[in-house]
Amino acid sequence: MNVKPDFSKGANQAATAPAFLSIWDVHAYYGESYIVQGINFNVHEGEILALLGRNGAGKTSTLRSIARTGSPMVTRGEIWLDHQPLHLMASHEAAAAGLGLVPEDRRIIAGLTVEENLQLAQIAPPIGWSIERLYELFPRLGERRKQEGVTLSGGEQQMLAIARALARDIKVLLLDEPYEGLAPVIVDEIEKTLIHIKEQGMTTVIVEQNAVRALQLADRAVILDTGGIVFDGTAAEVLENEELRSEYLAI
Amino acid sequence: MFGLDKRDTTLLLIVACLAIFAPFILNPFPTDSGLAQFNAGYPDLMQRFVIFGIFAIGFNILFGLTGYLSFGHAAFLGVGSYSAVWMFKLLSMNVLPAIILSVIIAGLFALVIGYVSLRRSGIYFSILTLAFAQMSFSLAYSVLTPITNGETGLQLTLDDPRVLGQTSTADGSIPVTNFFGLEMRGTYEMAVGPWAFQFNMGYYLCALVLIAAFYLSIRIFRSPFGMMLRAVKSNQQRMNYTGLNSKPYTLAAFVISGMYAGLAGGLMASMDPLAGAERMQWTASGEVVLMTILGGAGTLIGPVLGAGFIKYFENIFSKINSNVLHSWFSFLPDGLEDFIVFIIYPFIGKGWHLTLGILFMLVVIYLPGGLVEGGQRIGNWIRGRKKSDARQNETHPAE
Amino acid sequence: MDAFLLQILNGLDKGSAYALIALGLTLIFGTLGVVNFAHGALFMIGAFCAVTLQKIFSLSYETVDPDKTDFLGNPLKVKTPYVESWFGPEFGGAIIDWSVPLAILFAIPIMVAVGFIMERGLIKHFYKRPHADQILVTFGLAIVLQEVIKYFYGANPIPTPAPDALNGVANLGAVIGMDLIYPVWRIVYFCFACLIIGGVFAFLQFTTFGMVVRAGMADRETVGLLGINIDRRFTIMFGIAAAVAGLAGVMYTPINSPNYHMGMDFLVLSFVVVVVGGMGSLPGAVLAGFLLGILESFASMEWAINLIPGINQIIIYLVAIIILLVRPRGLMGRKGVMED
Amino acid sequence: MSILEVKNVGKRFGGLQALSDVNLSVKENSVHAIIGPNGAGKSTLLNCLVGKLIPDTGSVMFDGQSVLGRAPYEINQMGISRVFQTPEIFGDLTVLENMMIPCLAKRDGAFELNAIASVMGQRDIIDKAEHMLVEMNMADKRHMHAASLSRGDKRRLEIGMCLSQEPRLLLLDEPTAGMARADTNNTIDLLKQISDQRDITIAIIEHDMHVVFSLANRITVLAQGTPLVEDNPENIRGNPKVREAYLGETA
Amino acid sequence: FTNDPTGGSVTLGFNVPQTGPYADEGADELRAYQLAVEHLNGEGDGGMLNTFTSKALEGSGILGKKVEYVTGDTQTKSDAARASAKSMIEKDGAIMITGGSSSGVAVAVQGLCQEAGVIFMAGLTHSNDTTGKDKKANGFRHFFNAYMSGAALAPVLKNLYGDDRKAYHLTADYTWGWTQEESIKAATEALGWETVNTVKTPLAATDFSSYIAPVLNSGADVLVLNHYGGNMVNSLTNAVQFGLREKEVNGKNFEIVVPLYSRLMAKGAGENVKGIHGSTNWHWSLQDEGSKAFVRSFGTKYGFPPSQAAHTCYVQTLLYADAVQRAGSFNPCAVAEALEDFEFDGMGNGKTLYRGDDHQCFKDVLVVRGKENPTSEFDLLEVVEVTPRAQVEYAADHPMFAGGQLGSCNPGS
Ligand SMILES: Nc1ncnc2c1ncn2[C@@H]1O[C@H](COP(=O)(O)OP(=O)(O)OP(=O)(O)O)[C@@H](O)[C@H]1O
Ligand SMILES: Nc1ncnc2c1ncn2[C@@H]1O[C@H](COP(=O)(O)OP(=O)(O)OP(=O)(O)O)[C@@H](O)[C@H]1O
Ligand SMILES: [Mg+2]
Ligand SMILES: [Mg+2]
């Protein structure tokens, strides 16, 4: 079973290195509505990939399909992470296999304090950064550790969501609009963190509306539109390609 | 027509036809056949279908639209019945004033209970309504016996005053409930071959009220008020920050549905002038909840279907005894007959609860939208067979 | 004065029954968020575990006693339990006598299994469904369980006495020089309830289990994304809740003979207790259980009834209304749990 | 003339002084931006204005009347509308119905038992709602359930709902967070147009400086619960304190 | 008249609790009805038809029509019972309704039958009201009532416990409980007993500890439990748990009395009934010919002896059939006339009279006691005394039965 699929059908293979995370012909539905319409792309170990597209293009749905949340429902396709077939797993198994998702609406758990939210991430192995180390990264969270997570300010919640993902020893980090609601200084901070963990070998997929920022950070970019891939290439290509930018990213 | 769009008009006409032709529809089997057991077209049961249908429609106005799950609605039904019977005892046997009084008293009662209970939402609201209803029940059962006649239930007697009517008839019995002289008990029987159909005065009165109640509920569902209620259910916070105080809306819905319950109670007493305390017990409140969910909460016709379903089981399945079973299967060889009867017996007669429980589970598991969804699936299936492009994408929130 | 003390004891005793049932219910209802109308049925099944064990121990063979006649005038068939013929009448008799306490051991695996099956087979499909659907399905299940028990055991109560040694009364007042006699078994019941309550608290307090389950209820999806198999924990939680309900039932049998609808009798009351205690709060449920138990006992005293006729009928509901109006989330409820 | 006058407002959460001594005055028909680091107390301040929170000290006057002690719906009826940080819409209703509710609220004012009339008969309301949808560029989604909108669309819907109330003061909490660039630009245009054409005052919280600087005529910087500075946009941009505390090097 | 049987058969309606707490009682009633139908149709051994003094019935149905029956479930709720009775009348054409196992249901269904114009033969109903303030011309009761319980028990209690006793009543808080309390109180006070206190308990109560506890300190030396069904099983169990039976008060042994006993309840209470006195309508150990015949045919068919509920229902059916036969018509008014002031024997309980004034039946009443050494699971009660009918008779205008009128019989349309 553990055979790598043939990706020759995939769109524009930019890099030649073997794929670390591969998404192959994934189709997904919300009930009756067909949202992810056959997506192929690869992510290589240690790179940052920006997944872009306008509102409703299906970015979130793609990330959720990869993370196996069950909604949208994946009806076809394969997802491989480091030789492990994610498409056969439930979300908690995918998480154990090394996937970490920072969801777009943060999903801080009501009724738990900041610290408990972090502890929760360290119940099931593999365990990543220690909580103290996370507080060093986000001192703000350390100050608020006994506060109920959902009463944090919007930006603080975003920090918590990222910290929660890092609390686990993950191989691939999926970030859904991580900068949303963050003050520019903090965005700078997080960007530095992302570069830092990239240097340590983390593979990252980032969805971001602030496309320029994301592209400056990323190695490669994939652009989605109405549930399909319209571009797959290097980040620099997008920044150079006027037409692409104005048509799909309005920048 | 009637200020309704086409779909709703069709629905109303269907309900009206079903109600009017119920004596035929519910008596499909010839009286002398073994299946006659399944006939439901006799006045008492038809009245019950319709009355509980009204009760459930009213309940659904609160629950289906606002999402507030009241566990004490039977209290209003009970209060309605008591009011009506007192009207029969004191005023006259005409059902009109009795029903009007039931609706008014139940409405007032609902206003008080609703005003207090609606200060909380979710499960806290449910338990508040439950507590009020259980208190009403306990008091009616014992302490308030002078008003309610306790366990036995409030009945008419030969020495009630009935100021506008007669205390007793010439032959020394209690007069009969009537609508300006038309006796509720009056039944015309029609025999067509082996079939016998019964047309009962009381039933038709109830049926007319049902049609009116159903019409009114369609109007409410489709009105701005109904939309506000759905908005309350969806997001109270947004409601408040849109300048709307949700309390009067929910309270109005509560009172309206309480009045529906009172109407049902009044009709029940008009068909059979007795009002018992157990009508107010939590099991009775639970029953209307079950009816509504079973049929499909938030849909227009669901509650009526649910009411019919449960009442059918209660009255028809409970009456099948081993004797009847044996007569059905008597054509089989003896051993086989006994075996089949042995298998089926636990599910009928005194086992009717078991069957009902199993059906509850099957319906929720396989038809998340209740019986209405079952109907829709059958409808889609038939339509799908007619034209193969059966994919319907439009959503119809309230069928 | 001792009348007063006696009522406090009664209240504690009633309260421990309420608290124990409410505890199990709140694990399912307050923590997993499932409106479980079958909880009373679990209590009832627990009680019938005791009945069944007693029946098993009393399985008998028949011998004909020609000297006596039965009601039709035929020779009387005398029954002798197998355990008595195997272990001798003395020890065998003692086994039968102690069947209720022994039933605890018997009931735990059965109840846990019932809980597991119920959760895996049915409830797990309903976590995301509206509460209304949960009510319908669990109510259906409650009816089915009830009817099955009725089919095998009949509708009449079945006496299940406590062991003779625990059947008498004890004078609790002796220490303080008062006459305060109280049935031994009820004291046992109270202690047992405290034990179970303490055990469940400790389990949820000193492990992360409780936190994970609470988190899972608030947001299953996110908990799954953190690598936690929440389904399994929900199942375990359900098993524990079923076991707590079942043990409450086992121990209750000597107090009142069990019958097939005893669960329904307790059902509404236990919902009231849980909600008055506050959704999602275990201490709340226990506190409310004891509080309502004691109030109920006081309300049944003569002066109370003379003061307000019928108060003993309505006290629980009246207090529930007052508490819910004064404290929006019951005694100790958590915010946001089933408030909409 | 200032339409909103906030004086000495303070708010404490347990051990945390979230707001202390906030003074703010918003001029009529202006666009006033409130910026500041995460957790500065911006949303808390907004909550105090709309009745979601009651401040511990100080006063809030709207158009010469105190808003304190009034229920949220009463404050809204005074003419204050608010868009939330996470969209608050009627998820079970269709987009069109969502838009109709504020229109109805505007027309009927207080409670009205409009139980017999037909929704479809309310032509004026429907027209108004449809018009607003067109204006928000969402007309094609009118029959969708609001819950299944993508997040950017939800936010636009909420803004539309608030606008259709024709409020005198519109409070926006990060209105463009998570919105695609193109839609952000649309929203900026829309808000500009509104503030130019209508008799409306806008107070906006935003981390996207592009939005802030294109819209605001006045900016207050909040930090640790107190206003740091209040000035016009140019001066804020140049203010070194603000750069350090908030904007970072990217501004 | 309503439901005049036209074909070769006549339908009777057996309306018994098949679900709810009294389901076992209802099941036993149903067994008795089936047996009665068999005997009426000439099947089986004839049972009490052989001992009944009226010989009108000859095992060929009623008036030559084969007897058929329909069954329904009262659920022990007035509403459900009425619905079920109505369906039998309206749908199945039942000419007579019988059954039930509580007074509330009996009164409700009796009222219905009066209005619908069919005969009602009450099942288990012990309240004075059924033939007192709620009596109806179309309704008849074979069961005894609370007054009779008191009248039968009092002398026995006096013999056993003396005439200087202080009684404490716990009473189910609804109409039946009240009439029983009133009757027992009156009867015991007439002996010279003092009533220390009467306390009402909620119907829904399952644990009676808080009502039992005050008894300990009340100075009472007798506890009277005016409870039935589950209430009685629980209150008795609780009372025994609290050690009441081992207590000594005022120098006397503390005693418990359960005025209305039934074997099924005794079974539910288990060991706790031993030595406790009460009254009952009938018991299978009676040795008169009628009882023996009935026990024989019932026991042969079902394998265990009948309960008092079964006996009442069986007898009611035969009596109805006999009355029709004697009247020569199914017309309810003719039947009622045949039943009124009808006197017979051979149905257990000795010479029996259906009084025309209130349609109450008068016969011997049994005082029983929980047996110390039962030989089988059915052998729980032993008859202490058969109180002769004369001792339990009362005037039709007795104040406990006042109010309400019999009205006139209604044959329906
Ligand atoms: N729960 C749902 N049910 C039905 N449709 C949905 C649901 N969630 C999203 N959709 C639809 O799926 C499409 C893609 O949504 P998705 O959230 O993946 O977009 P996105 O690219 O993340 O957009 P955004 O930038 O606004 O977050 C949208 O058209 C949306 O309306
Ligand atoms: N209910 C609460 N209980 C305790 N602390 C709270 C509560 N609500 C807010 N806070 C705290 O008050 C501070 C201010 O929060 P607020 O939401 O106003 O920040 P903000 O300025 O809107 O930040 P952001 O830009 O990140 O949304 C935060 O540190 C937050 O953690
Ligand atoms: Mg998205
Ligand atoms: Mg904020």
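Select ligand 2 and A:Arg144: an N or O atom in the side chain of A:Arg144 is 2.9 Å from an oxygen atom of the ligand, a polar contact (a pair of N or O atoms within 3.5 Å). This is a predicted model, in which local features need pLDDT of at least 70, side-chain atom pairs count only at pLDDT 80 or more, and totals for chains, interfaces and linings use all residues. Residues are numbered from 1 along each chain as its sequence is written, chains are lettered from A and ligands numbered from 1 in the order in which they are written, and side-chain values use heavy atoms, with hydrogens and water left out.

Next, add D:Thr44, where a side-chain N or O atom is 2.4 Å from an oxygen atom of ligand 2. The protein covers 88% of the ligand's own 640 Å² of accessible area (Shrake-Rupley method, 1.4 Å probe).

Now show the residues around ligand 2 (those with a heavy atom within 4 Å). They come from chains A and D, so the site is shared between chains. Of these 22 residues, A:Gly155, D:Asn38, D:Lys42, D:Ser43 and D:Thr44 come nearest.

Move to the magnesium ion, ligand 3. Its protein donors are A:Thr60 (OG1) and A:Glu104 (OE), 1.9 to 2.5 Å away; donors are N, O and S atoms within 2.8 Å of the metal (3.2 Å for Na, K and Ca), and sites may look incomplete because water is not among the atoms. A:Thr60 lies in helix H1 of chain A and A:Glu104 in the loop between strand S6 and helix H3 of chain A, so the pair ties together parts 44 residues apart in sequence. Helices (H or I, at least four residues) and strands (E, at least two) are DSSP runs, numbered from the N terminus.

How values were computed
Polar contact = N/O pair within 3.5 Å; in protein donor to acceptor, adjacent residues only side chain to side chain.
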